[in-house]
Amino acid sequence: MQENILNQLNKVFKIKGQVKSPLRIKVVADKDIVSSILLYLKAQMGFIHLNHISCVDWIEDNKFELVYIVWHPEQKQTVLVHTFIDRENPVMENIDTIWDQANTYEREMREMFGIEFPGLVGDREFILEDWQEMPPMRRDFDTKRYAQETYETRPGRENARNVRLEIMKRSGEELPDFAKKYSRD
Amino acid sequence: MILTIKILGAFLTAILAFTVGMFYGGLRRKITARVQNRVGPPVYQNFLDLLKLQAKETNIAHGFMGHIAPMWIIIASMTVLMFIPILHNGLWFDNLTFKGDLIFILYMMVFGSLGMAIGAGQSGNPNSAIGVTRGLAMMVGYEIPFVLSLVAIMIQFHTTSLQDLMQYQHETGRWIIMDNPFAFLAALLSSLGMFRYSPFDIVGAPAELASGPVSEFGGKYLGTMMSGGAVFAFIKLVLFVDIFLGGAGNTDLQGVWGILAGLGELLLKTFLFYMIPVFIGLVSPRFRTEQAIRFFWKWPSILGIVAILWAVFHPIQ
Amino acid sequence: MTNNPDKHIKTIGIPTEEEIRQAQIDFAPRCTSAGRVNDKETQKIVQYILNFARKHSLFVLAYGTGCGAIEIPATMTSRYDAERFGIRGAATPRQADVLLITGYLSTKTLKRVIRVYEQMQDPKYVMAFGSCTINGGMYFDSYNTIKALDRYLPVDVYIAGCMPRPESVIRGFIKLQELIQNGNAGGGKCYRDNLDWYRANQQKVIKNWNFPDEYNW
Amino acid sequence: MIEKETTLYLGPQHPGITGNMMIKLKVKGDVVTQAETHVGYLHRAFEKLIERRNWLQSFTLLCRFCVPEPDPMELTYARAVEQIEGREVPPRAKYIRTIVAELARIQSFLLWYGGQSGSSGLYTLGQWSVGDRNYILDLFEDLTGARIYHMYMWPGGVRRDLPTGWIDKTYKTMDYLEKRLEDYNKLLFENAIFQKRAQGVGIIPKDKAIEWGVVGPPLRGTGIKHDVRIDEPYEAYADLDFEVPTYEGGDVWARALVRRDEIKQSIRIIRQALDKMPSGSYYNRIPNPMKWTVPTGEAWIKTESVRGEIGFYVVSDGSSKPRRVHLKGAAYTHGVSVLEKILPGQNIADVSFILNSLGVCPPEIER
């Protein structure tokens with residue numbers, strides 16, 4: 001069954017796939033044909049359920065990896081369609097005409113990774129509000145530094161060590177025995 | 001002398017209505033808690049709530065009607081209260097009853113809700129606006145069987161006076177529930193809507209409209225509304241007891257003992273009657289607005305019409 | 001307060017005593033119950049009665065701002081039954097006395113929470129749940145959650161734990177009741193007195209103060 | 001009644017909302033004409049933070065993805081890590097995991113009883129069921145030490161063995177629950193008003209359901225038999241005998257019936273698993289967690305949670321920290337696109353009702 005799916009995809013789109021496990025098929029495709037693959041999978045092969053769209057930031061290769069996961073309700077097969085897009089100028093085809101719920105994923109990716117989907121409707125802000133920095137899910141966004149710069153942190157958590165000792169020192173109270181036992185100094 | 005007693009009696013009536021209404025509210029919360037496997041708040045919890053609400057500061061204004069609406073409810077409730085004979089015997093709790101007061105009471109009971117509707121409308125909160133629409137729609141629903149049942153009573157007894165009805169029940173010892181059970185049933189079902197407990201709490205449904213018309217009222221306003229509501233609850237209960245359940249104060253005792261016995265009888269009857277909507281409320285989900293109206297226009301209204309027919313064929317002079 | 005991130009945060013080394021003292025002075029919450037001396041002896045009888053009523057009638061705003069809200073149903077229902085202390089839910093901020101911050105606050109929620117808090121009527125109290133409201137907890141490096149709630153809202157009672165059990169929630173309520181009875185829980189007034197300081201802190205985090213048009217009724 | 005269109009904001013502060021989200025409704029009189037979900041109030045940037053934690057530290061964050069039922073999150077992630085690494089799980093651990101997952105399902109369903117009946121004004125049932133939920137949480141407390149967030153299932157097994165006497169206690173709790181379920185049935189499902197309220201409300205069409213991304217009880221409420229526990233059996237489900245209830249109709253009523261029957265099936269699964277509990281090791285030891293690296297790879301793992309199928313897409317780049325952990329919760333489609341599709345035309349009174357019956361869990365949407 002899995003071979004049939006792969007052969008069919010190979011015949012139509014000239015792409016090679018591989019069987020990962022009895023219920024998972026992995027296909028790597030060029031970004032231009034991804035939407036036609038998905039449309040073909042949905043309309044011709046019965047993969048009518050869009051499970052997931054995920055994005056991985058491969059900053060070393062200067063690429064975003066997009067993963068479209070579709071599922072066949074009768075054969076219980078899952079196809080993962082992988083594609084790579086340029087990280088500097090990330091544009092991907094909008095597929096919310098194929099599945100309505102893709103709109104949500106794409107809006108999230110537009111916000112979190114800065115990937116543009118031409119023709120995508122919906123507010124630009126889906127989860128964040130008044131975000132002015134770079135899209136936060138990119139690997140080069142340093143969340144800890146941003147948090148330290150933006151939010152005021154209560155003193156006492158300067159480092160991971162000495163918490164109990166610090167409490168004792170500042171409050172002037174003697175630590176109970178069990179706390180001493182777990183204190184790191 | 002009579003005037004002094006009347007004035008003092010009016011004050012006493014107001015205090016009695018307020019206390020009993022609030023106390024019943026607390027009892028309801030306690031009983032609810034017991035049904036729900038809980039300990040529940042103390043029975044005087046509502047008084048504490050009221051005291052706290054009255055002690056809150058207010059730093060908002062929602063226009064003129066926003067200030068007037070709670071007053072309106074209090075005024076309306078007190079006005080209606082003054083026209084309801086609390087006890088059959090004695091001058092103390094007669095207040096301002098007069099011939100034809102049944103029609104007047106019917107008219108005035110809507111008055112409080114209208115005041116609240118205008119006040120809530122002024123607050124500009126869409127939840128309030130929708131709540132008010134629902135409340136008015138509900139009123140159209142439950143008023144019809146209620147009016148039908150009262151009309152049946154009026155036809156049957158050829159009177160519009162509560163005093164006369166109570167006098168009849170006192171003299172014959174027969175409660176009107178026996179003379180016209182259909183009227184009682186219709187009124188009982190519509191009373192479920194009047195109390196706005198669970199199947200019919202669509203006006204202030206928390207999961208749908210926050211708290212409906214009172215969404216924007218807090219502190220003193222809410223407290224005042226709460227006291228008005230307590231008085232109204234008492235009014236409804238006494239009205240039902242007066243019309244259908246023989247009224248209170250039917251003993252032959254005279255003087256203070258007569259009044260006390262009458263009050264005891266009143267509390268017992270009102271409490272038992274009050275438990276009907278409370279227990280139905282505990283086990284019922286809420287109707288949608290149109291379902292509620294359809295409910296009232298179906299069986300209660302049919303019962304009301306049957307009651308009128310019954311009254312026509314079994315007149316009592 | 002200038003926005004100096006490195007003032008309190010040192011990633012390497014243990015701060016000296018002097019630095020710690022300075023940080024504590026800088027970071028002390030504006031509104032604490034400690035400074036307010038209005039205990040039972042100095043209260044007038046009316047005030048005492050009103051405080052008694054306030055203490056035993058706490059309307060909690062039904063706003064689950066974070067994951068601590070999952071223990072609120074448990075606290076309110078049969079086993080723990082908070083209603084026996086006079087604690088019950090209120091649907092809208094106008095009717096509520098207590099605002100529960102049940103956990104971390106993202107900046108988007110903080111904006112709404114401030115709005116809700118300002119809609120509440122005095123006297124009003126804030127209870128903060130969980131370690132994430134105290135110092136960020138496990139979200140210490142998250143870009144979207146605030147770390148110390150008392151910089152933005154006056155907190156009356158903190159409940160530690162992640163998440164606090166119903167018992168500790170009730171314990172927190174009882175602590176709040178003590179504060180109210182002794183006249184020490186005046187967060188709302190303190191917030192108004194120090195509004196500039198709080199606003200400055202809030203505006204550091206919330207960039208845009210405008211709400212949608214239909215929101216401003 | 002009213003022809004004017006009003007904008008009604010349901011939330012974020014609203015008693016009818018499950019959690020912290022907002023639904024912007026356009027209403028005409030009592031009828032919704034347009035609905036729009038706004039989320040992001042609970043965004044804690046978990047997926048960003050997990051990139052900064054190592055494989056085991058991630059569990060503290062993971063279980064907080066969805067507050068009412070943290071265990072399926074742990075289970076799914078643990079399975080994903082095991083699949084990438086090729087780590088075996090001892091059979092006893094598999095059974096314990098199954099039991100914990102089913103207990104989590106029951107406690108979440110009991111919470112759902114409270115939400116579903118509370119949103120329709122029947123508070124008594126909510127008080128009972130949420131009160132009874134504490135008995136399940138007690139079991140969790142005995143087993144893991146915490147009421148809500150357990151961090152119990154780790155790659156390679158579970159963190160602790162069953163304590164002594166726990167099995168008997170679980171049997172007793174199951175007996176008690178079965179008795180209580182009859183009471184709930186009388187109060188909710190035999191209630192004429194609830195039937196009237198629930199039937200024909202919030203209909204998901206059967207032919208569109210899979211395409212819309214509906215999963216779990218809402219999908220089974222349309223009559224389509226789909227359950228990850230049967231499609232791709234994981235843990236001990238393949239050895240156990242249970243049924244997947246389906247009902248026709250696709251409305252709130254059908255979903256409620258599905259959930260009612262699923263609690264019974266969960267109790268059945270737990271009893272069987274306790275009966276068959278194998279002996280042996282409960283934990284396949286992992287190396288020092290601070291230095292533990294997982295080989296390069298990726299996994300897409302699905303688990304059946306209360307709200308439906310949840311999936312984790314986990315990518316490892318061979319280091320000691322995950323490259324990407326991406327959750328697809330059932331609420332991600334239910335709460336946004338499905339809700340926006342089925343709300344128009346409904347009464348305002350039913351919005352919160354439908355929201356509860358879909359099992360929308362906002363923290364799962366924005367993570």
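The following paragraphs describe the chain contacts, core, helices, sheets and backbone geometry of a predicted model.

Residues are numbered from 1 along each chain as its sequence is written, while chains are lettered from A and ligands numbered from 1 in the order in which they are written. Because the model is predicted, local features need pLDDT of at least 70 and side-chain atom pairs count only at pLDDT 80 or more, whereas totals for chains, interfaces and linings use all residues.

Contacts between chains were examined by C-beta distance, two residues being in contact if their C-beta atoms, placed from the backbone, lie within 7 Å. Of the 5 pairs of chains that touch, chains C and D share the most contacts. Chains A and B do not touch, and their nearest C-alpha atoms are 24 Å apart. Between chains C and D, 31 residues of chain C are in contact with 30 residues of chain D. On the side of chain C that touches chain D, the elements giving two or more residues are helix H3 (71-76) and helix H4 (107-119) of chain C; helices (H or I, at least four residues) and strands (E, at least two) are DSSP runs, numbered from the N terminus. H4(C) provides the largest share of that side, 4 residues. The residues of this side of chain C comprise 15 nonpolar, 10 polar and 6 charged, where Ala, Val, Leu, Ile, Met, Phe, Trp, Tyr, Cys and Pro count as nonpolar, Asp, Glu, Lys and Arg as charged, and the others, Gly among them, as polar.

C:Lys111 is located in helix H4 of chain C. C:Lys111 counts as buried because it has 22 C-beta neighbours inside 10 Å; a residue is buried if 20 or more other C-beta atoms lie within 10 Å of its own, exposed if 12 or fewer, and partly exposed in between, with C-beta atoms placed from the backbone. C:Lys111 and C:Arg165 are separated by 54 residues in sequence and by 27 Å in space, C-alpha to C-alpha.

The largest nonpolar core (a set of buried Ala, Val, Leu, Ile, Met, Phe, Trp, Tyr and Cys residues joined through C-beta atoms within 7 Å) has 311 residues, of which B:Ile235, C:Val98, C:Met127, D:Val314 and D:Val351 touch the most other members. Helix H10 (residues 219-244) of chain B gives the most to this core, with 17 residues. With residues up to four places away in sequence left out, B:Ile235 touches B:Ala17, B:Ser77, B:Val80, B:Leu81 and B:Ile84.

H10(B) is mostly covered, 25 of its 26 residues being buried. At 1.5 Å a residue, H10(B) should span 38 Å, and its end C-alpha atoms are 37 Å apart, which agrees; the expected span is 1.5 Å times one less than the number of residues. B:Gly246, which follows H10(B), has a positive phi near 85 degrees. Helix H3 (residues 71-85) of chain D is largely enclosed by the rest of the structure, because 13 of its 15 residues are buried. Its expected span of 21 Å agrees with the 21 Å between its end C-alpha atoms. Just after H3(D), D:Gly86 takes a positive phi of about 75 degrees.

In chain B, the axes of helix H1 (residues 2-35) and helix H2 (residues 45-55) come within 7 Å and cross at roughly 115 degrees; axes are lines fitted to C-alpha atoms, for helices over the stretch in contact, and angles run from 0 to 180 degrees between N-to-C directions. H1(B) contributes B:Met22, B:Gly25, B:Gly26 and B:Arg29 to the contact, and H2(B) contributes B:Gln45, B:Asn46, B:Phe47 and B:Leu50.

In chain D, 3 strands form an open antiparallel sheet in the order E1-E2-E3, two strands being paired if DSSP finds at least two bridges between them. Strand E1 (5-10) and strand E3 (31-38) of chain D stand at the edges with a single partner strand each, so one side of each is left without a neighbour in the sheet. The twist averages 20 degrees from one strand to the next. Strand E2 (residues 22-28) of chain D is joined to E3(D) by 7 bridges, and D:Lys28 has D:Val31 as its bridge partner in E3(D). In chain C, 4 bridges join strand E1 to strand E2 (residues 87-90) in parallel, with C:Leu58 opposite C:Ile87.

Two cis peptide bonds were identified in chain C, from C:Asp122 to C:Pro123 with omega near -10 degrees and between C:Cys162 and C:Met163 with omega about -15 degrees.
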